[in-house]
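User: I am new to this structure and would like to learn how to read its features. Could we begin with the ligand and then turn to individual residues?

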Amino acid sequence: MVNDLNETLIVYGTRYGATPEACAEIQKILEREYKLLVEIWNLENYRACPDLDEFDNIILASGIEHGKWTENTIKFLTKDLKDKKVAVFISSSFAGTEELYEYAFKNYIEDVLSEYPEVNIIAKAAFGGRVSKKDLPNIARNAIVARLPEFQEDNRNWEKITEWAHEVGKIFTSK
Ligand SMILES: Cc1cc2nc3c(=O)[nH]c(=O)nc-3n(C[C@H](O)[C@H](O)[C@H](O)COP(=O)(O)O)c2cc1C
(Lines give C-alpha, C1' and ligand atoms only; values in the text may rest on other atoms or scores of the structure.)
Protein backbone atom coordinates (compact mmCIF):
# COMPACT_ATOMS: atom_id res chain seq x y z
CA MET A 1 0.00 0.00 0.00
CA VAL A 2 1.33 3.43 -0.92
CA ASN A 3 -0.10 5.24 2.11
CA ASP A 4 -2.70 4.77 4.83
CA LEU A 5 -5.43 6.42 2.85
CA ASN A 6 -5.86 3.53 0.44
CA GLU A 7 -6.59 5.68 -2.54
CA THR A 8 -8.85 4.50 -5.32
CA LEU A 9 -9.04 5.66 -8.91
CA ILE A 10 -12.08 5.10 -11.11
CA VAL A 11 -11.28 5.54 -14.80
CA TYR A 12 -13.91 5.27 -17.49
CA GLY A 13 -14.69 5.60 -21.16
CA THR A 14 -18.12 6.67 -22.34
CA ARG A 15 -19.85 7.73 -25.54
CA TYR A 16 -23.33 8.62 -24.27
CA GLY A 17 -22.88 9.28 -20.53
CA ALA A 18 -24.33 6.13 -18.94
CA THR A 19 -21.06 4.68 -17.61
CA PRO A 20 -20.03 7.73 -15.52
CA GLU A 21 -23.39 7.62 -13.73
CA ALA A 22 -22.61 4.11 -12.51
CA CYS A 23 -19.09 5.27 -11.58
CA ALA A 24 -20.52 8.09 -9.48
CA GLU A 25 -22.82 5.70 -7.61
CA ILE A 26 -19.93 3.32 -6.91
CA GLN A 27 -17.73 6.23 -5.78
CA LYS A 28 -20.42 7.31 -3.28
CA ILE A 29 -20.60 3.83 -1.75
CA LEU A 30 -16.83 3.38 -1.54
CA GLU A 31 -16.39 6.75 0.15
CA ARG A 32 -19.35 6.55 2.49
CA GLU A 33 -19.28 2.90 3.50
CA TYR A 34 -15.60 1.98 3.08
CA LYS A 35 -13.96 5.34 3.85
CA LEU A 36 -11.91 5.16 0.68
CA LEU A 37 -10.64 8.28 -1.07
CA VAL A 38 -11.94 8.00 -4.60
CA GLU A 39 -10.96 10.02 -7.63
CA ILE A 40 -12.79 9.69 -10.96
CA TRP A 41 -11.16 10.26 -14.34
CA ASN A 42 -12.64 10.35 -17.83
CA LEU A 43 -10.11 8.58 -20.07
CA GLU A 44 -11.08 10.77 -22.98
CA ASN A 45 -8.29 12.84 -21.48
CA TYR A 46 -5.83 9.95 -21.41
CA ARG A 47 -2.55 11.83 -21.25
CA ALA A 48 -3.37 13.80 -18.13
CA CYS A 49 -4.62 10.72 -16.24
CA PRO A 50 -3.40 10.83 -12.61
CA ASP A 51 -0.17 9.00 -11.81
CA LEU A 52 -1.06 5.42 -10.91
CA ASP A 53 1.68 5.25 -8.25
CA GLU A 54 -0.70 7.12 -5.98
CA PHE A 55 -3.38 4.46 -6.14
CA ASP A 56 -3.73 0.98 -4.68
CA ASN A 57 -7.12 0.28 -6.20
CA ILE A 58 -8.46 0.89 -9.66
CA ILE A 59 -11.89 0.53 -11.21
CA LEU A 60 -11.88 0.53 -15.00
CA ALA A 61 -15.22 0.97 -16.77
CA SER A 62 -16.35 1.23 -20.37
CA GLY A 63 -19.56 1.65 -22.29
CA ILE A 64 -19.99 -0.72 -25.25
CA GLU A 65 -20.65 0.40 -28.79
CA HIS A 66 -20.89 -2.13 -31.63
CA GLY A 67 -19.31 -4.71 -29.35
CA LYS A 68 -16.33 -2.54 -28.42
CA TRP A 69 -14.90 -0.80 -25.36
CA THR A 70 -13.69 2.75 -25.96
CA GLU A 71 -10.22 2.96 -27.44
CA ASN A 72 -8.62 4.52 -24.35
CA THR A 73 -10.08 2.04 -21.87
CA ILE A 74 -8.47 -0.77 -23.88
CA LYS A 75 -5.24 1.21 -23.96
CA PHE A 76 -5.41 1.54 -20.18
CA LEU A 77 -5.21 -2.26 -19.85
CA THR A 78 -1.66 -2.12 -21.26
CA LYS A 79 -0.45 -0.08 -18.26
CA ASP A 80 1.47 -1.81 -15.47
CA LEU A 81 -1.44 -2.99 -13.34
CA LYS A 82 -0.04 -6.16 -11.82
CA ASP A 83 0.47 -4.68 -8.33
CA LYS A 84 -2.92 -2.96 -8.15
CA LYS A 85 -6.29 -4.34 -7.24
CA VAL A 86 -8.23 -3.83 -10.46
CA ALA A 87 -12.01 -4.11 -10.74
CA VAL A 88 -13.62 -3.87 -14.18
CA PHE A 89 -17.14 -3.30 -15.41
CA ILE A 90 -18.85 -2.57 -18.68
CA SER A 91 -22.17 -0.89 -19.40
CA SER A 92 -24.10 -2.52 -22.25
CA SER A 93 -27.72 -2.83 -23.25
CA PHE A 94 -27.30 -6.55 -23.94
CA ALA A 95 -25.96 -7.16 -20.43
CA GLY A 96 -29.16 -5.67 -19.02
CA THR A 97 -31.31 -8.46 -20.48
CA GLU A 98 -31.67 -12.01 -19.19
CA GLU A 99 -31.35 -13.44 -22.70
CA LEU A 100 -28.14 -11.66 -23.72
CA TYR A 101 -26.39 -11.27 -20.38
CA GLU A 102 -24.16 -14.36 -20.82
CA TYR A 103 -23.26 -13.26 -24.34
CA ALA A 104 -22.29 -9.80 -23.07
CA PHE A 105 -20.29 -11.11 -20.12
CA LYS A 106 -18.34 -13.51 -22.33
CA ASN A 107 -17.74 -11.16 -25.26
CA TYR A 108 -17.29 -7.83 -23.51
CA ILE A 109 -15.60 -8.97 -20.28
CA GLU A 110 -14.08 -12.46 -20.39
CA ASP A 111 -12.76 -12.36 -23.96
CA VAL A 112 -11.36 -8.84 -23.62
CA LEU A 113 -9.68 -9.42 -20.25
CA SER A 114 -8.19 -12.74 -21.34
CA GLU A 115 -5.94 -10.73 -23.65
CA TYR A 116 -4.41 -8.91 -20.66
CA PRO A 117 -3.42 -11.68 -18.23
CA GLU A 118 -0.90 -9.41 -16.43
CA VAL A 119 -3.64 -7.22 -15.02
CA ASN A 120 -4.53 -8.18 -11.45
CA ILE A 121 -8.31 -8.39 -11.81
CA ILE A 122 -10.11 -8.78 -8.47
CA ALA A 123 -13.71 -8.29 -9.66
CA LYS A 124 -15.56 -7.96 -12.95
CA ALA A 125 -19.11 -7.18 -13.94
CA ALA A 126 -21.36 -6.55 -16.92
CA PHE A 127 -24.14 -4.08 -16.16
CA GLY A 128 -27.06 -2.96 -18.26
CA GLY A 129 -26.95 0.29 -20.12
CA ARG A 130 -28.90 3.25 -21.33
CA VAL A 131 -29.47 3.92 -24.96
CA SER A 132 -31.63 6.51 -26.58
CA LYS A 133 -33.26 5.53 -29.88
CA LYS A 134 -32.06 8.78 -31.38
CA ASP A 135 -28.43 7.71 -30.84
CA LEU A 136 -28.98 4.58 -32.88
CA PRO A 137 -28.42 5.00 -36.60
CA ASN A 138 -30.68 2.77 -38.69
CA ILE A 139 -28.07 0.12 -39.19
CA ALA A 140 -27.37 -0.11 -35.45
CA ARG A 141 -31.06 -0.12 -34.72
CA ASN A 142 -31.43 -3.22 -36.83
CA ALA A 143 -28.41 -4.89 -35.32
CA ILE A 144 -29.07 -3.95 -31.71
CA VAL A 145 -32.72 -3.32 -31.08
CA ALA A 146 -33.64 -6.39 -33.10
CA ARG A 147 -31.52 -8.55 -30.79
CA LEU A 148 -33.06 -7.16 -27.63
CA PRO A 149 -36.08 -9.23 -26.66
CA GLU A 150 -37.75 -6.11 -25.39
CA PHE A 151 -36.26 -2.72 -26.12
CA GLN A 152 -35.86 -0.63 -23.03
CA GLU A 153 -33.96 2.64 -23.18
CA ASP A 154 -32.56 2.17 -19.70
CA ASN A 155 -31.97 -1.37 -18.45
CA ARG A 156 -29.43 -0.61 -15.76
CA ASN A 157 -30.02 -2.48 -12.51
CA TRP A 158 -28.97 -0.13 -9.72
CA GLU A 159 -29.32 -2.83 -7.09
CA LYS A 160 -26.78 -4.94 -8.91
CA ILE A 161 -24.42 -1.98 -9.27
CA THR A 162 -24.73 -1.23 -5.54
CA GLU A 163 -24.10 -4.86 -4.60
CA TRP A 164 -21.00 -4.96 -6.76
CA ALA A 165 -19.73 -1.72 -5.20
CA HIS A 166 -19.94 -3.42 -1.79
CA GLU A 167 -18.14 -6.52 -3.06
CA VAL A 168 -15.36 -4.33 -4.46
CA GLY A 169 -15.24 -2.14 -1.34
CA LYS A 170 -14.65 -5.21 0.84
CA ILE A 171 -11.82 -6.44 -1.38
CA PHE A 172 -10.22 -2.97 -1.64
CA THR A 173 -10.17 -2.58 2.14
CA SER A 174 -8.90 -6.08 2.92
CA LYS A 175 -5.15 -6.43 3.51
C1 LIG B 1 -24.57 3.18 -31.79
C2 LIG B 1 -24.70 2.27 -30.59
C3 LIG B 1 -24.19 0.98 -30.63
C4 LIG B 1 -24.34 0.12 -29.53
N5 LIG B 1 -23.84 -1.15 -29.59
C6 LIG B 1 -24.05 -2.01 -28.55
C7 LIG B 1 -23.59 -3.35 -28.62
O8 LIG B 1 -22.98 -3.79 -29.58
N9 LIG B 1 -23.85 -4.16 -27.55
C10 LIG B 1 -24.51 -3.73 -26.44
O11 LIG B 1 -24.71 -4.50 -25.51
N12 LIG B 1 -24.96 -2.46 -26.35
C13 LIG B 1 -24.73 -1.58 -27.37
N14 LIG B 1 -25.17 -0.29 -27.29
C15 LIG B 1 -25.78 0.17 -26.04
C16 LIG B 1 -24.70 0.77 -25.11
O17 LIG B 1 -23.78 -0.19 -24.74
C18 LIG B 1 -25.34 1.35 -23.86
O19 LIG B 1 -26.13 2.42 -24.25
C20 LIG B 1 -24.28 1.80 -22.84
O21 LIG B 1 -24.92 2.09 -21.63
C22 LIG B 1 -23.52 2.99 -23.34
O23 LIG B 1 -22.60 3.43 -22.39
P24 LIG B 1 -22.06 4.93 -22.46
O25 LIG B 1 -23.29 5.84 -22.44
O26 LIG B 1 -21.23 5.12 -21.24
O27 LIG B 1 -21.28 5.06 -23.71
C28 LIG B 1 -25.02 0.58 -28.37
C29 LIG B 1 -25.52 1.88 -28.33
C30 LIG B 1 -25.38 2.72 -29.42
C31 LIG B 1 -25.94 4.11 -29.35
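Analyst: A polar contact is a pair of N or O atoms within 3.5 Å. In this structure, which is a predicted model, a polar side-chain atom of Thr14 lies 2.5 Å from an oxygen atom of the ligand. The protein covers 98% of the 640 Å² of accessible area that the ligand has on its own.

User: Which backbone atoms have polar partners on the ligand, and how far away are they?

Analyst: A polar backbone atom of Ala18 is 2.8 Å from an oxygen atom of the ligand. For Ile64, a polar backbone atom is 2.5 Å from an oxygen atom of the ligand.

User: Where does the ligand sit, and which residues come nearest to it?

Analyst: The ligand occupies the largest pocket. There are 22 residues around the ligand, and those that come nearest are Thr14, Thr19, Ile64, Ser92 and Arg130.

User: How do the residues of that shell divide by chemical character?

Analyst: The shell around the ligand has eight nonpolar residues, 10 polar ones and four charged ones.

User: Let us take one residue of this group. Is Ser92 buried or exposed?

Analyst: A residue is called buried when its relative accessible area is under 20%, and exposed when that value is over 50%. Ser92 counts as buried because its relative accessibility is 4%. Its place is the loop between β4 (85–91) and α3 (101–113). The side chain of Ser92 also reaches the backbone nitrogen of Ala95, at 3.0 Å.

User: Which part of the structure holds Ala87, and why does Ala87 count as buried?

Analyst: Ala87 belongs to strand β4. Ala87 counts as buried because its relative accessible area is 0%. One may also set sequence separation beside distance in space. Ala87 and Ala123 are 36 residues apart along the chain, and their C-alpha atoms are separated by 4.6 Å.

User: What do sequence separation and C-alpha distance show for Phe76 and Tyr12?

Analyst: Phe76 and Tyr12 are 64 residues apart along the chain, with 9.7 Å between their C-alpha atoms. Phe76 is in helix α2. With a relative accessible area of 0%, Phe76 is buried.

User: How far apart in space are Asn142 and Thr78?

Analyst: The C-alpha atoms of Asn142 and Thr78 are 34 Å apart, and the two residues are 64 residues apart in sequence. Asn142 is part of helix α4, which spans residues 138–144. Asn142 is exposed, because its relative accessible area is 56%.

User: I should also like to consider backbone angles. What is the phi of Lys35, and where is this residue placed?

Analyst: Lys35 is not a glycine, yet its phi is positive, at about 55 degrees. Lys35 lies in the loop between α1 (18–34) and β2 (37–42). At 66% relative accessibility, Lys35 is above the cut-off and therefore counts as exposed.

User: What is the phi of His66, and is His66 buried or exposed?

Analyst: His66 has a positive phi of about 45 degrees, although His66 is not a glycine. This residue is in the loop between β3 (57–63) and α2 (71–76). His66 counts as exposed because its relative accessibility is 55%.

Key: Residues numbered from 1 in each chain as written. Predicted model: local features only at pLDDT ≥ 70, side-chain atom pairs only at ≥ 80, totals over all residues. Heavy atoms only, no water. Near = heavy atom within 4 Å. Polar contact = N/O pair within 3.5 Å; in protein donor to acceptor, adjacent residues only side chain to side chain. Areas by Shrake-Rupley, 256 points an atom, 1.4 Å probe, with all protein chains shown as cover. 1 Å grid on protein atoms, 1.4 Å probe; cavity = no way out; pocket = protein on both sides within 12 Å on 5 of 7 lines; lining within 4 Å. Sits in = over half its atoms within 2 Å of the grid points. Nonpolar A, V, L, I, M, F, W, Y, C, P; charged D, E, K, R; others polar. Helix = DSSP H or I, 4+ residues; strand = E, 2+ residues; numbered from the N terminus. Buried < 20%, exposed > 50% of the residue type's maximum accessible area, 1.4 Å probe, protein only.
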